[in-house]
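Colleague: I would like to work through this chain with you step by step, asking about one place at a time. Could you show it to me before we begin?

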Amino acid sequence: MRHSLISILTLVALLSGCTSAEQKNAINQDDVIAHLSLEDKAHFIIGTGMDGLDDENVVIGATRLLVPGAAGTTYPLDSVGIPAIILADGPAGLRINATREGDSATYYCTHFPIGTLLASTWNADLIEEVGAAIGNEVKEYGADVLLAPAVNIMRNPLCGRNFEYYSEDPLVTGKTAAAYIKGVQSNGVGTSIKHFAANNQETNRMNNDAHISQRALREIYLKGFEIAIKESKPWTVMTSYNYINGTYTSESRDLVETILRDEWGYEGTVMTDWYGGKDGAIQMWAGNDMLQPGKKEQFDSIVAGVRSGKLAEADLDRSVRRTLDLVEKSPRFHGYQYTNKPDLKAHAEVTRQSAAEGMVLMKNEKALPFAKSIKNVALYGNTSYDFIAGGTGSGNVNHAYVVSLLDGMKNGGYTVSKELKTAYEAYLADSKKNIEAEMEAAAKKDPQKAKLQRFLPKPLPAEKTFTDGEVMAQAANADIAVITLGRLSGEFQDRMVADFNLSDLERKLIEQVCDVYHKAGKQVVVLLNIGGVIESASWKDLPDAILCAWQPGQEGGNCVVDVLSGKISPSGKFTMTWPILFTDVYSARNFPIDEDPRIDMMKQGQKGNVRNVDFTDYEEDIFVGYRYFDSFGIPVSYPFGFGLSYTTFNYSDAKVVKKSDGYEVSVTVNNNGGYEGKEVIELYISAPENKAANKPVKELKAYAKTRNLKPGEKETVRLFVKMADLASFDETASAWVVSGGEYQFLVGASSQDIKAILKADVKGQETKVHNVLKPLVQMNLLKR
Ligand code: BGC
């Protein structure tokens with residue numbers, strides 16, 4: 001380190017010894033940089049390495065320094081008063097270890113609902129409130145940056161991390177993320193919007209080259225990031241693992257410097273995903289400021305790069321400055337005295353309220369809310385007794401408890417069948433023992449595979465079976481049956497088609513219970529405790545009601561019962577399409593589907609040539625989700641934006657008015673049913689017919705949610721669409737182009753339930769942007 005004793009003393013005094021907030025807020029970056037050697041700089045922009053990748057409990061990020069279980073820390077420069085700051089996962093709450101060696105205190109965090117459920121609320125205020133509660137735990141447990149939100153597009157239902165993500169639509173994604181970021185950051189801690197960009201499959205995520213047209217990148221895969229980043233200024237952005245069109249995202253200057261910073265005006269810090277990218281010097285040059293958790297090769301490459309002139313020291317200094325900016329904002333730099341005692345009770349209440357609002361009522365034939373006469377509930381399905389709070393991997397949260405549906409029912413004043421409870425508990429204990437034994441035997445056979453297996457969700461036990469006689473006896477004593485189906489997925493592995501479809505035992509259980517209960521004159525409700533879309537078309541006619549509860553966090557059972565009992569009227573809507581068959585999804589032909597799916601860990605830089613593994617052609621182009629199904633007239637099981645309520649709504653007085661920089665649509669929504677409830681109003685735009693423009697028939701451009709309306713109450717909502725929002729990306733002109741002509745403004749309750757069609761003449765406009773991120777290969781892109 002190049003420095004004199006006097007200047008170090010001055011810096012230390014300036015940085016840590018002073019008491020006034022003004023002095024503490026300032027790092028004299030020029031002075032700090034002047035005191036750092038090349039090696040210091042290279043250390044500083046690399047994390048502190050990873051402790052214990054071999055540890056039994058580790059996910060990926062798990063450092064034992066400062067806050068045990070946090071994903072990483074920045075490198076401390078003690079001699080110039082720059083502390084290490086703490087980076088911790090992940091979207092559904094803070095992920096740190098719940099217990100510490102030699103310490104009897106516990107450090108449990110609240111498991112909030114998964115990202116998909118939060119997005120399904122379509123309620124920015126509520127999402128911001130959840131974000132604020134999560135951010136409070138980040139701050140009170142001594143962390144500085146939460147590695148969330150995760151905002152990749154749900155390109156295909158089988159992506160193993162869809163539960164962390166928000167939607168197939170970039171507007172819902174961007175708006176949900178913006179609200180979440182504002183909430184978390186309102187505590188004075190940071191976020192890291194991730195994974196920038198196009199990490200849409202887990203299979204070979206470290207090496208997969210996503211071949212995507214410039215248009216699909218701009219309109220679909222980057223758009224959600226753009227909206228969230230411009231609206232909420234996250235402290236950091238995390239680049240993804242994959243390549244886009246031949247370049248690792250963390251080594252792509254076009255992505256990071258040109259688009260993110262130059263075009264979007266982003267001023268924060270960019271970091272890699274854990275171990276992402278291969279060449280540290282190129283990552284620095286590309287504008288990736290911080291390499292987490294740090295590898296020796298990256299350090300060596302940066303130092304050698306500067307020495308050889310391959311990397312300009314100015315580029316390294318720029319990243320050092322941006323990392324200093326981050327440290328300077330952090331609670332730890334300001335000496336915040338965290339308590340390690342966030343108000344977990346208050347946060348449990350926040351998670352309970354929010355989860356109920358994101359559940360989606362898919363079907364209801366007078367079964368819900370439960371009639372007053374319903375007292376005894378028969379609970380079927382393993383998951384009723386072993387409720388799933390959230391997914392696995394870095395998106396998991398070390399929570400203190402999960403309220404099962406069984407306990408939720410009891411808390412709600414219902415009686416549950418004791419025989420069923422005893423039978424299920426015995427069956428589950430046995431099945432789990434068998435699963436453990438099988439895993440142990442497999443580990444002995446193939447220790448390498450076993451090592452990877454422990455990063456993955458444990459297999460769920462097969463559904464318990466019953467004889468018809470048993471079900472009949474249960475039906476005689478119960479007022480209603482609830483069957484819960486569960487799914488669990490997570491990082492490192494995509495789901496299988498078999499996981500999308502129902503198993504034979506699940507199907508049989510639904511058929512049998514519905515048949516027996518209906519014959520006994522009783523109703524059946526199916527509850528979905530899942531993290532991603534499953535097949536629903538073949539069985540949805542059987543039960544009387546279906547509620548998608550997603551993975552609702554630690555208060556799960558209570559939240560479900562709040563909805564089933566009618567305490568809360570469901571108001572969630574789907575942020576993704578539910579196809580009839582998996583193969584109806586256009587990207588099914590370009591997605592890794594494997595009977596024995598690969599587990600992909602930290603192997604980088606290995607380029608093979610296997611389709612959908614080493615590279616993936618995004619041939620559906622911009623036709624993702626409803627943009628495909630609605631444009632090509634493909635029938636679906638449940639459309640994008642769908643969700644029922646206990647009440648009904650009438651839409652009236654829809655109007656569109658031209659404003660100086662866009663269009664305002666207003667519509668009055670009247671609760672004309674018998675319950676209170678909230679309604680989500682969706683505004684789609686249909687551009688003038690123009691074959692060459694190859695546009696989807698409709699695209700969501702704005703949405704709003706009413707307040708809780710009592711029967712007979714109404715609310716007029718206003719939705720604003722900026723001129724620029726009407727643009728599509730024209731690759732030939734490398735510009736956002738609004739073609740002139742008559743546009744339709746479709747006011748809907750879902751993408752396929754349009755309540756009013758308004759029209760407006762729109763003047764064309766064009767905004768040029770950089771011509772970057774071009775695919776290197778020809779693809780057979782879908783055209784309308
Ligand atoms: C995940 C990130 C996570 C990081 C740190 C990676 O494996 O992709 O989402 O933030 O680990 O745990």
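Colleague: Between which strand and which helix does the loop with Tyr-275 lie?

Modeller: This is a predicted model, and everything I say rests on it. In it Asp-273 is found in the loop that runs between strand 11 (269-271) and helix 11 (280-286). Tyr-275 lies in that loop too, so to speak of its place is to name strand 11 and helix 11.

Colleague: Is Tyr-275 buried or exposed, and what is its relative accessible area?

Modeller: The backbone of Tyr-275 has a positive phi of about 75 degrees, although Tyr-275 is not a glycine. Most residues other than glycine have a negative phi. As for the side of accessibility, a residue counts as buried under 20% relative accessible area, and Tyr-275 is buried because its value is 13%.

Colleague: Which residues does Asp-273 touch, leaving aside those up to four places away in sequence?

Modeller: Asp-273 is buried, with a relative accessible area of 7%. Its C-alpha atom is separated by 11 Å from that of Ile-193, and these two residues are 80 residues apart along the chain. The residues that Asp-273 touches, with those up to four places away not counted, are His-195, Met-238, Thr-239, Tyr-241 and Gln-292.

Colleague: What is the omega of the cis peptide bond that joins Lys-194 and His-195?

Modeller: His-195, one of the residues touched by Asp-273, has its place in strand 6 (residues 190-196). Most peptide bonds are trans. The bond that joins Lys-194 and His-195 is cis, however, and its omega is about -5 degrees.

Colleague: Which residue does a cis peptide bond join to Asp-89?

Modeller: The residue in question is found in the loop between strand 2 (86-88) and strand 3 (99-100). The cis bond has an omega of about -10 degrees, and the residue that it joins to Asp-89 is Gly-90.

Colleague: Why does Ala-198 count as buried?

Modeller: Ala-198 has its place in the loop between strand 6 and strand 7 (209-211), and although it is not a glycine, its phi is positive, at about 65 degrees. The cut-off for a buried residue is under 20% relative accessible area. Ala-198 counts as buried because its relative accessibility is 4%.

Colleague: Which residue takes a positive phi just after helix 10?

Modeller: Helix 10 covers residues 253-263, and its buried residues include Leu-255, Val-256, Ile-259 and Leu-260. Among the others listed as buried in helix 10 are Glu-257 and Arg-261. Just after helix 10 the phi is positive, about 75 degrees, at Gly-265.

Colleague: Which residue stands opposite Ala-735 in the pairing with strand 27?

Modeller: Strand 26 (residues 728-730) and strand 27 pair in the antiparallel sense over three bridges. Four residues stand between the strands of this hairpin, and Ser-734 there takes a positive phi near 45 degrees. Opposite Ala-735 in strand 27 stands Asp-730.

Colleague: Which residue of strand 30 is the bridge partner of Val-738?

Modeller: In strand 27 (residues 735-738), Ala-735 and Val-737 point one way, Trp-736 and Val-738 point the other way, and all are buried. Strand 27 is joined by four bridges to strand 30 (residues 765-768), and the two run antiparallel. In strand 30 the bridge partner of Val-738 is Gln-765.

Colleague: Which are the edge strands of the open sheet of six strands?

Modeller: The order of this open sheet is 12-17-16-15-13-14, and its pairing is mixed. An edge strand pairs on one side only, which here is true of strand 12 (360-364) and strand 14 (415-416).

Colleague: Which residue of strand 15 is the bridge partner of Tyr-380?

Modeller: Strands of a sheet pair through backbone hydrogen bonds, either parallel or antiparallel. Strand 13 (residues 376-380) and strand 15 (residues 480-486) pair in the parallel sense, over four bridges. The bridge partner of Tyr-380 in strand 15 is Ile-483.

Colleague: What radius of gyration does the protein chain have, set against that of a compact globule?

Modeller: The protein chain has 23 helices and 30 strands, and its C-alpha trace spans about 85 × 70 × 55 Å along the principal axes. Of its 784 residues, 62% count as buried. A compact globule with 784 residues would have a radius of gyration near 28 Å, which agrees with the value for the protein chain, 26 Å.

Note on methods: Residues numbered from 1 in each chain as written. Predicted model: local features only at pLDDT ≥ 70, side-chain atom pairs only at ≥ 80, totals over all residues. Heavy atoms only, no water. Rg over C-alpha atoms; globule rule 2.2 N^0.38 Å. Buried < 20%, exposed > 50% of the residue type's maximum accessible area, 1.4 Å probe, protein only. Pairing = 2+ DSSP bridges. Contact = heavy atoms within 4.5 Å.
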